[in-house]
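I opened this notebook to record what I looked up in the model, entry by entry. The sequence and structure come before the entries.

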Amino acid sequence: MTPDLPALGLPATLLAVAPILVPALAAVVYALLGWRPATVWVATLSAVAVLGSAIALASQVLRDGPAFAVGGVLLLDPASTYMVVVISAVAVLAALATPTYLHAEIAAGRASTRTAARHSGLVQAFLAAMALAVLAADLGVVWVAVEATTIVTAFLVGQRRTRTAVEAAWKYVVICSAGISLALLGIVVLNFAAQHLNSPRLGGGPDAGSTAGLTWTGLEAAAAQLDPGVTRIAVVLLVVGFGTKAGLAPLHAWLPDAHSQAPAPVSALMSGVLLAVAFYAILRVKVISDIAMGPEFAATLLVLVALASLLVAASLLIAQRDYKRMLAYSSIEHMGLLALGAAVGGPAAIAAVLLHVLGHGMVKSVLFLGAGRLLQITGTSHIDKVRGLAGSQPLLAGCLGVGVLALIGLPPFSIFASELGIARAGLATGFNTGSPLLGWATAAALVIVAVIAAALIGHTSRMLLGDDHKTLVPAREGPGAAFAPIVLPRSAAAALLLGLVATAALGVTTGPLSALLGAAAHTLTGAQ
Amino acid sequence: MSAVHVQLLNLSAGALLLSAVLVLWRRELVVIIRVFAVQGIALAALIAVLGAVQGSLELAVFAVGVLVLRAGVLPGLLRYALASGPQERRETRPLVNVAASLLAAAVLTLLALAVSQPITALAPSSATQAVPIGIAVVLIGFFVLVTRRRAVSQLVGFLLMDNGITAVGFLTTAGIGLVVEVGVALDVLLVVLVLQILTGRMREVFGGTDLDELRELSD
Amino acid sequence: MSLLGTLGGTLQVAVIVGGSPLLLGVMRQVRARMEGRRGAGVGQPWRDLRKLAGKEAITPRGTTEMFRAAPVLLVAMTLVVVVVAPFVTTDSAIPQIADLFVVVALLAHATVVLALAGIDTGTAFGGMGASRETTILALVEPTVLVAIFALSVPVGSTNLSAIVGSSLAHPAQAIAPGSLLAAVALIVVIVAETGRLPVDNPATHLELTMVHEAMVLEYAGPDLALIELGSAMRLSVYLGLLANLFLPWGIATEVGVLALLGGVVAFAVKVAVLGAVLALVEVFLAKVRLFRVPELLAGSFLLALLAVTSSYVLA
């Protein structure tokens, strides 16, 4: 049943596996050589190499159309290559800031060179797993890769070995593994449906001879023949399961803990792209669901999940006292917005969703990197204990302030464009085509987003403004204390600025990405 | 499928469900682990019966693999995790008391039955008729995971879910492909290892694995 | 009313009334031997009954007719069950009431009568025992109904004779998950209902936690003899039902000296073996604390429910 896509030659195959292979090799380098001056920038080089190969892959896909690689294991289409671009773009930012972070941790005595080597190696393995998750052609392999990200990051979350870090790691592994197990059950059920396709030839009865396999393309091609009753169960399980990993309600409880306890570069990667990788799986499941059962079913499910996530985020953001948790809850909010956009469907909304993934990934990683830096300088993650940052750390404060403005969706940053796109598509689809649920949900979401924006601005301005310079004496003791140099090193500053500038540029024009975004949205709306 | 095979299939499916209920019922962690090992045997038997029916060597190999992993290695790891902390022998105060959780399990089983109607209807056979039992085991496992406080009980809850999913997988189809099958087994093993290491760290910093102690991170 | 049924009914009364004190004797003897004592012999319960029957009847002051009627009612209700249920023969003397619901209701009524008598004495122990017994009863009754119902699903009838006949015809049904789950549920319930360990300790009058013995503490003489006989018969009835519902082999299906004799012997052996196993297990058990009993019974209810579910699903 699988449509015949062209296989690739050797150079193209190497290019296709590069996003997985390069970080994996970098992980091996760290495992063998450890953390030493020669290996400090290997992570950054690997991220840049992945970004390069991702861009090359994307242009190749745009030129030659979708293709399979490595004997059908990897699927190269606009959507999957776009996700690799997102992953590697955020990875470059995180990798640029990592050496500064680790040097400060080592200086503070909270990490050894061995911890630093393990950190770097695990982060590279994490990148490889995420690249595999988006490139894999087979739903089963996607599952294995997503679960692998949990295993790899478990030790990164618990790296500091404090009470809170161990607690966060435990919750992270237990909740995510349980959630992703539900997704596995969904895959099993979907596989069952795919092996018993309703054949129009036999008058709608099960057709024993045909099977669709578990590849995305095969499932999409056969989706019209999937049994709706069984597929419904599978879709619910898959959305809840991958939704757990994407930080969507109701199984979101791990997210604020893990994101606030993980080291800053890992928080940046988890919040920026790991959530989006899981969400990408939901987007592809939705394509199958829409063909098999019509768009209403998945839309209703996603609207419920989206509104629940937005409400959770808003209620816990208003009185938040910890700035890292504040950023984590904001990630839940943005995942809710993505779910809403996916529920709306249609090329315009999906393109906005994909743009939002990239914009949110970069802005959120800038903010997490900045917050990690702030934690190292002040030794506290309490919002109340940070005052007047703008006076003493103008560059860091500026990045954080601009980042939060970008995050709440002010122009010219791309989040403004993508939120506008989702809202317009939601209101248009909702009130023009007679599905008022979507329209009202979009309206409610806009109200919640406004409330969250006010809360974020309030919290951030308390931290950045004011004249109490005394709180910003570098804390030499206390749980988060570090001997961080007060002056921000160039590489870390470059990461923060690069992220913000790129997001702003994307907001002005998507430029060369437009074609890729359009093609990816086309793929993810079921139009082959 | 002959009548004897159907009987054996039903018997191992029944044992699967019964052991899930017993995990919910018993408090002694050692007994819980033993029951879990018994469930591994029941699962292997289930796969072996399916293999015998289809005359498939691949399924026989899977059955052996499942037996080794779920009745040998995983219970061994759990026992090891338990043995390194001497004071914890019992699940003392589950969030939902045992009588209520048993009644909840009854409700979950009925729920599984209701939910899996379409699956049975799509391809009625003795194997798919047992699918509700697999789904019930998944739900009971989830319930254990949510309501138990000891690290080891939560682990067993997670593994119950996984056993249930594996059962559903083999009952609906002959597995979901070799690569995925091995990947899943590896992932489960790794998750257990990760959690076991975390259990050790938890003892280091908390002095116990009562997860009630995990309340520093909350809003 | 068939000839087989009539003969069976008569034989069952003789076997159970005569044999149940002996069953009690066997169980006590097994227990004694396991504990390293010589024991009083299998006939001791009969000797106790004879001694009690020879004594003067005493009723405590202030008790009403309820107290005096209870022992007779207990034995009478149990006797009805003995007559109609399929123990020695598959046919019933009165087939119309050899029904699951009737039999369970009769057995439950007997317990209720005893509990009322316990309350009637107005003593602390009587009321306490009655309250505990009704608690257990409330949990046991649904379980028994659901468990036997699970067995009746594949048969399509709640008539006990029909269920026994069907499991005789299809022996493979005995290892169906539904039957096994129902068997486990019934065993737990029978242990609770007949006042055995680990729910209640039949051998003591000294524990504050006693259940059954507390209710009948005020009885003496012939009344006590009747209650002891009634309790022994209930134990035989439950064990007999358990044996014949799951392992009906040997039960008489036709009129004939050999068949009937075989039925009697098979029944006696099955019940004696079950009783001995029960006694054996009791040696190794401690009494469960009273507030844990609901947990035990909730568990057996769940098993019974699962039995029904799987009878429907896996049929």
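**Entry 1: chains B and C.** How many residues of chain B are in contact with chain C? I work here from a predicted model. I found 22 residues of chain B in contact with 18 residues of chain C. I then asked which elements supply that side of chain B: those giving two or more residues are α1 (3-25) and α4 (98-115) of chain B. The most comes from α1(B), with 10 residues. By residue class, I noted 17 nonpolar, five polar and no charged residues on the side of chain B that touches chain C.

**Entry 2: confidence.** I looked up the predictor's own scores and recorded an ipTM of 0.92 and a pTM of 0.86 for the complex. For chain C, I noted a mean pLDDT of 85, with 97% of its residues at 70 or more.

**Entry 3: chain A overall.** I recorded 19 helices and four strands in chain A. Its radius of gyration is 22 Å, close to the 24 Å that the globule rule gives for 528 residues; chain A is therefore as compact as a globular protein of that length. The C-alpha trace of chain A spans about 80 × 50 × 45 Å along its principal axes. Of the 528 residues in chain A, 64% are buried. I also looked at contacts in chain A between residues at least 6 apart in sequence, and 82% of these join residues at least 24 apart.

**Entry 4: helix α10 of chain A.** I compared the span of α10(A), residues 264-293, with expectation: at 1.5 Å a residue its 30 residues should cover 44 Å, and the end C-alpha atoms are 42 Å apart, which agrees. I nevertheless noted a kink of about 35° in α10(A), centred on M270(A). Of the 30 residues of α10(A), 28 are buried, so the helix is largely enclosed by the rest of the structure. After α10(A) comes G294(A), for which I recorded a positive phi, near 85°.

**Entry 5: helix α3 of chain C.** I repeated the span check on α3(C), residues 65-84: its 20 residues should span 28 Å at 1.5 Å a residue, and the end C-alpha atoms are 28 Å apart, which agrees. Where is the kink in α3(C) centred? I located it at P71(C), with a bend of about 30°. P71(C) is also among the buried residues of α3(C), which include F67(C), A70(C), L74(C) and M77(C). I noted that the cover over the buried residues of α3(C) includes α1 (3-34), α4 (100-120) and α9 (221-246) of chain C.

Methods. Residues numbered from 1 in each chain as written. Chains lettered and ligands numbered in written order. Predicted model: local features only at pLDDT ≥ 70, side-chain atom pairs only at ≥ 80, totals over all residues. Contact = placed C-beta atoms within 7 Å. Nonpolar A, V, L, I, M, F, W, Y, C, P; charged D, E, K, R; others polar. pLDDT = per-residue confidence, 0-100. Expected span 1.5 Å × (residues − 1). Bend = angle between axes of the 7 residues up to and from the residue. Buried ≥ 20, exposed ≤ 12 C-beta atoms within 10 Å, placed from the backbone. Rg over C-alpha atoms; globule rule 2.2 N^0.38 Å.
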